[in-house]
Every structure is written in structure tokens, then in C-alpha cells.
Amino acid sequence: MKRRSLPVAAALAATAALLLTACGSGDDSASDNDKIAGADQSSKTPSASASASGAPAEDKPDGVDVSLPKDINLVFDWDKPKDKNEAAAMEDAANFVRAIYHGVDKRTSKVAAVTTYSTGGGLHYAQTQINDRVDGGWTATGTRRHYDVTTRSASNGSSVEVAFCVDSSKFYGKEVKTGKVLTSKPSIADYDYFKIIMVKYPTDENLWQASNVYVEEKAAKCQ
């Protein structure tokens with residue numbers, strides 16, 4: 001049986017909950033308008049485990065390792081948006097996905113990439129995906145394609161929703177001990193629709209972290 005990538009750790013929220021909201025009452029609270037639901041508006045500092053692993057505490061972590069083995073191919077068929085914040089958020093959403101599979105390959109969720117590119121619910125999601133694979137004794141192999149990306153910003157500039165389709169029809173689980181690849185025939189179960197809420201790291205405008213992840217499984221619109 002094929003092991004699918006990124007099993008759902010959080011149910012898909014209602015569509016309205018993922019839209020930009022405008023719930024101010026016209027008073028001084030108007031600065032809170034147009035936040036993206038699910039976004040932690042004040043991104044947390046990377047945890048001590050990230051710093052201990054060599055991740056810079058305040059600067060853009062260009063040296064953070066998100067490398068993958070040759071048999072894990074993550075393809076991002078994305079066009080870079082014109083908006084600077086959305087482009088940076090989209091880039092780090094891709095780094096968030098890479099960080100998860102980097103952790104899977106290293107057999108631990110305690111890698112600098114995970115705590116650099118995620119926070120809050122996003123951090124929990126990444127750790128769950130990695131730990132499930134480590135505990136199950138399997139990793140991944142093949143090609144996972146990400147496409148049809150859209151980005152949407154909150155008016156305050158601190159949150160961006162990055163949504164995209166995923167095709168895992170050529171991406172499989174692999175048993176670590178035996179090297180056996182767990183394949184199956186392609187089906188609608190290979191297609192997912194992701195919405196990742198990215199929040200700006202407070203001391204660096206170029207670094208964005210995944211704060212929440214929503215997944216729609218068996219997404220026919222992605223076929």
C-alpha cells in the first residue's frame with residue numbers, strides 16, 4: 001500500500017475561515033482588520049532547539065540546511081508574485097515543505113529548518129509529520145509536485161495565505177530497514193489542496209514562518 005505524503009494533521013477549516021476578515025467595529029481596533037484567520041500575528045522567536053542547531057536567532061537563516069537526498073524530488077511549479085511580501089512568504093512556504101522532508105530524511109524533527117520555517121500550529125504540524133514517519137520506520141521517495149499556487153495578503157502586511165495543489169502520484173513511502181518502496185496505482189487520493197498561513201518573523205522582513213496548515217484531501221480540483 002502506498003504511503004501518502006503529509007497525512008492530514010488538521011482538518012480543512014471552513015472556506016470562510018480562510019478568507020481575509022474585516023471584523024473591526026470602526027474604533028481603535030481597526031488595526032486588527034483584514035487578518036487572515038489562523039495566523040499568529042506576532043510570530044514567535046525560533047525555539048532554543050533551532051539556535052542550538054546553528055539557526056541564527058534574528059537574521060535571515062540563509063545557511064539553514066533544507067537539503068534532500070537524490071531520490072526525494074520536490075518540484076514547485078510556482079510563478080513568483082510581484083508583491084514582495086507574498087514572494088517571500090511563498091518562498092518560505094516551499095522551504096517549510098522542504099524542512100519537513102529534510103527532517104524525515106534525518107530521522108528527527110529536531111532540525112534547525114523546522115524551527116526556522118514554522119511556528120505555532122505549523123511547527124506542531126511539521127513535527128507530527130516527521131515523527132509519524134520516524135516511528136513508522138519509513139521515509140519517502142519519488143517526485144512530489146506543487147502547482148496552481150495563489151497568495152493572499154492581510155492588509156497589515158504580516159500574514160500571507162499560500163494555497164496550492166499537490167500531486168503525489170509519483171511520490172511513495174519507503175521502508176527504511178528494507179528499502180522497499182510502497183507503491184500503488186494513481187488515484188484521486190494522490191491529490192491534495194493545501195493552505196498554509198505564513199506570518200512574518202518580527203525582526204526580519206525576509207523570513208516567514210508557517211503558523212497553520214489546512215489540507216483538503218482527495219481534491220478533485222487539483223486533478
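User: Among contacts in the protein chain between residues at least 6 apart in sequence, what percentage join residues at least 24 apart?

Analyst: This is a predicted model, in which local features need pLDDT of at least 70, side-chain atom pairs count only at pLDDT 80 or more, and totals for chains, interfaces and linings use all residues. Residues are numbered from 1 along each chain as its sequence is written, and side-chain values use heavy atoms, with hydrogens and water left out. Contact means heavy atoms within 4.5 Å, and of the contacts between residues at least 6 apart in sequence, the share joining residues at least 24 apart is 73%.

User: What is the mean pLDDT of the protein chain?

Analyst: The pLDDT is the predictor's confidence in each residue, from 0 to 100, and 72% of the residues reach 70 or more. Over residues 1–35 the pLDDT is below 50, and where pLDDT is low, the predicted coordinates should not be read in detail. For the protein chain, the mean is 80.

User: Which element gives the largest share of the largest nonpolar core?

Analyst: A nonpolar core is a set of buried (under 20% relative accessible area, 1.4 Å probe, protein chains only) Ala, Val, Leu, Ile, Met, Phe, Trp, Tyr and Cys residues joined through side-chain atoms within 4.5 Å. The largest one has 42 residues, of which Phe-96, Tyr-101, Val-162, Phe-164 and Met-198 touch the most other members. Helices (H or I, at least four residues) and strands (E, at least two) are DSSP runs numbered from the N terminus, and the elements giving two or more residues include β1 (72–76) and α3 (84–106). The largest share, eleven residues, comes from α3.

Conventions. Buried < 20%, exposed > 50% of the residue type's maximum accessible area, 1.4 Å probe, protein only.
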